[in-house]
Amino acid sequence: MADELVLQVVGRVESELRERADAPRQGDEGAPDAWVVFDASVREALADVAPGDELILITWFDRADRSVQKVHPRGDASRPATGVFSTRSPDRPNPLGLHRVTVLAVDDLRLQVNNLEALDGTPVVDVKPVLGEVSER
């Protein structure tokens, strides 16, 4: 079993969200449209992404507290502390973010997407299509 994984940052988020306090807890709770700017090394991987596509962006919450193992869900102290693997808390041992978005525009190495609650500068480590019926992709 490997003790270390190496991830390649393939892009970064450009967003008006600068601080955690500014970000909604989930994308569908008022997150703004944002841009994802990709590295030229993944140009071919973006070749078939088009406006209207639904994607899952996988981000690395680089400002997360990786020591956190329990949280009060949704920051509500009246709720019992819960293990982070049962929550969507950004603070967790491996702070991967999952964001379901729709592509609004494609501009070379930039994708404009909706409902992205990630902060400005957040690293993107992968992109996957949302699957409905079995896809040829």
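How many residues lie between β6 and β7 in their hairpin, and which residue in the turn has a positive phi? Before we get there, a word on what you are looking at. This is a predicted model, in which local features need pLDDT of at least 70 and side-chain atom pairs count only at pLDDT 80 or more, while totals for chains, interfaces and linings use all residues. Residues are numbered from 1 along each chain as its sequence is written, and side-chain values use heavy atoms, with hydrogens and water left out.

Let us start with the overall plan. The protein has eight strands and zero helices; helices (H or I, at least four residues) and strands (E, at least two) are DSSP runs, numbered from the N terminus. Of its 137 residues, 35% count as buried, where buried means under 20% relative accessible area, exposed over 50%, and partly exposed in between (1.4 Å probe, protein chains only). Contacts here mean heavy atoms within 4.5 Å. Among contacts in the protein with a separation of 6 or more, 75% are between residues 24 or more positions apart.

Six strands form a closed barrel in the order β1-β2-β7-β6-β3-β8, with antiparallel pairing. Two strands pair if DSSP finds at least two bridges between them. On average, neighbouring strands of this sheet are turned by 45° against each other, direction ignored; the axes behind such angles are lines fitted to C-alpha atoms, for helices over the stretch in contact, and angles run from 0 to 180 degrees between N-to-C directions. As a general reminder, strands of a sheet pair through backbone hydrogen bonds, either parallel or antiparallel.

Now walk along part of the barrel. Strand β1 (residues 11-14) is joined to β2 by four bridges, and the two run antiparallel. Here G11 stands opposite F38 in β2, and V13 has V36 as its bridge partner. Next, β2 is joined to β7, again antiparallel, by four bridges: V36 stands opposite L111, and V37 has R110 as its bridge partner.

That brings us to β6 and β7, which pair in the antiparallel sense over four bridges and answer the opening question. They form a hairpin with two residues between them, and D108 in the turn has a positive phi of about 55°. Just before the turn, D107 stands opposite R110 in β7. D108 itself belongs to the loop between β6 (96-107) and β7 (110-113), and counts as exposed because its relative accessibility is 52%. A similar backbone feature appears at N115, where phi is near 55°, a positive value in a residue other than glycine. N115 is in the loop between β7 and β8 (123-129) and is partly exposed, with a relative accessible area of 29%. These values are worth a look, since most residues other than glycine have a negative phi.

Which side chains of β2 point to the buried face? A34, V36 and F38 do, whereas W35 and V37 point to the other face and are not buried. β7 likewise has a covered face, with L111 and V113, and an uncovered one, with R110 and Q112.

Several of these residues meet again in the largest nonpolar core, which has 18 residues; V36, F38, L111 and L116 have the most contacts inside it. A nonpolar core is a set of buried Ala, Val, Leu, Ile, Met, Phe, Trp, Tyr and Cys residues joined through side-chain atoms within 4.5 Å. At least two residues of this core come from each of β2 (34-38), β3 (54-60), β6 and β7, and β2 gives the most, with three. F38 touches V10, G11, L46, L109, L111, V124 and V127, not counting residues up to four places away in sequence.

One of those neighbours, V124, is found in strand β8 and is buried, with a relative accessible area of 0%. With the same exclusion of residues up to four places away, V124 touches ten residues' worth of surroundings that include V10, V13, V36, F38 and I58. V124 and L7 are 117 residues apart in sequence, yet 9.9 Å apart in space, C-alpha to C-alpha.
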